[in-house]
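Q: I would like to learn how to read a structural model one feature at a time. Can we work through an example?

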Amino acid sequence: MSDCQSLGDCADSRIVRLYEYLDGALSVEDIHDIKVHLDSCVDCAKEHDIECVIRSVVKRSCQDHAPADLKSRIMGRITEIHAETPA
Ligand SMILES: [Zn+2]
């Protein structure tokens, strides 16, 4: 199965699945599928690399510079947003 013949289709599914993949939200079978796909699809591999770089930079800069109360402030803000948004 090759969903990369159409670039438009691939761009859509690869974004969604790459994020799930990087979040560790995929099943073992899906992770395998993504890995196989990344080996054969230059566009998706590039997207994956970029996303990995972004995440590692964000992670590193957070570890270096984030104030100790950042997490509680973010959690507080998320709670506010949830309170403002009707379910
Ligand atoms: Zn692809």
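Salt bridges, burial and confidence

A: Start with Glu80, which counts as partly exposed because its relative accessibility is 42%. The model is a predicted one.

Q: With which residue does Glu80 form a salt bridge?

A: The general idea comes first: side chains of opposite charge can pair when their charged atoms come close. Here Glu80 pairs with Arg77, and the closest N and O atoms are 2.9 Å apart. Both residues belong to helix H4, which covers residues 70-84, and they are 3 residues apart, about one turn of the helix. Arg77 is also partly exposed, at 40% relative accessibility.

Q: Which other side chain meets Arg77 in a salt bridge?

A: That of Glu84, with an N to O distance of 3.9 Å. The cut-off for a salt bridge is 4 Å, so a pair within that distance is counted. Glu84 has a relative accessible area of 56% and is therefore exposed.

Q: How many salt bridges does a search of the whole structure find?

A: The search finds 6. One of the pairs is Arg17 with Asp30, at 3.3 Å from N to O. This pair links distant parts of the chain, as Arg17 lies in helix H1 and Asp30 in helix H2, 13 residues apart. Arg17 is partly exposed at 30% relative accessibility, and Asp30 is partly exposed at 23%. Elsewhere, salt bridges link Asp23, Glu51 and Arg55 in a network.

Q: Leu26 next: is it buried or exposed?

A: Burial is read from relative accessible area, with under 20% as the cut-off for buried. Leu26 is at 10%, so it counts as buried. Its place is the loop between helix H1 (7-22) and helix H2 (28-40).

Q: Which residues does Leu26 touch, not counting residues up to four places away in sequence?

A: Leu26 touches Arg17, Glu20, Tyr21, Ile31 and Ile34. Arg17 is thus a contact of Leu26 as well as the salt-bridge partner of Asp30.

Q: Which residues make up the largest nonpolar core?

A: In soluble globular proteins, nonpolar side chains tend to be buried together. In this chain the largest nonpolar core has 8 residues: Cys10, Leu18, Tyr21, Leu26, Ile34, Leu38, Cys41 and Cys44. H1 and H2 each supply at least two residues of this core. H1 gives the most, with 3 residues. Tyr21 and Ile34, which belong to the core, are also among the residues that Leu26 touches.

Q: What do the totals for the chain say about burial and exposed area?

A: Of the 87 residues, 13% count as buried. The chain exposes about 6,800 Å², and carbon and sulfur atoms supply 58% of that area.

Q: How many helices and strands are in the chain?

A: The chain has 4 helices and 0 strands, and the pattern read along the sequence is α-α-α-α. For contacts, one can ask how far apart in sequence the partners are. Among contacts between residues at least 6 apart, 51% join residues at least 24 apart.

Q: Which elements have the lowest and highest mean pLDDT?

A: pLDDT is the predictor's own confidence in each residue. Among the elements of the chain, H1 has the lowest mean, 69, and H2 the highest, 89. The mean over the chain is 78, with 78% of the residues reaching 70 or more. H1, the element with the lowest mean pLDDT, is also the one that gives the most residues to the largest nonpolar core.

Note on methods: Residues are numbered from 1 along each chain as its sequence is written. This is a predicted model: local features need pLDDT of at least 70, side-chain atom pairs count only at pLDDT 80 or more; totals for chains, interfaces and linings use all residues. Side-chain values use heavy atoms; hydrogens and water are left out. Buried means under 20% relative accessible area, exposed over 50%, partly exposed in between (1.4 Å probe, protein chains only). Contact means heavy atoms within 4.5 Å. pLDDT is the predictor's confidence in each residue, from 0 to 100. A salt bridge is a side-chain nitrogen of Lys or Arg within 4 Å of a carboxyl oxygen of Asp or Glu. Accessible areas come from the Shrake-Rupley method with a 1.4 Å probe; for residues, only the protein chains shown count as cover. A nonpolar core is a set of buried Ala, Val, Leu, Ile, Met, Phe, Trp, Tyr and Cys residues joined through side-chain atoms within 4.5 Å.
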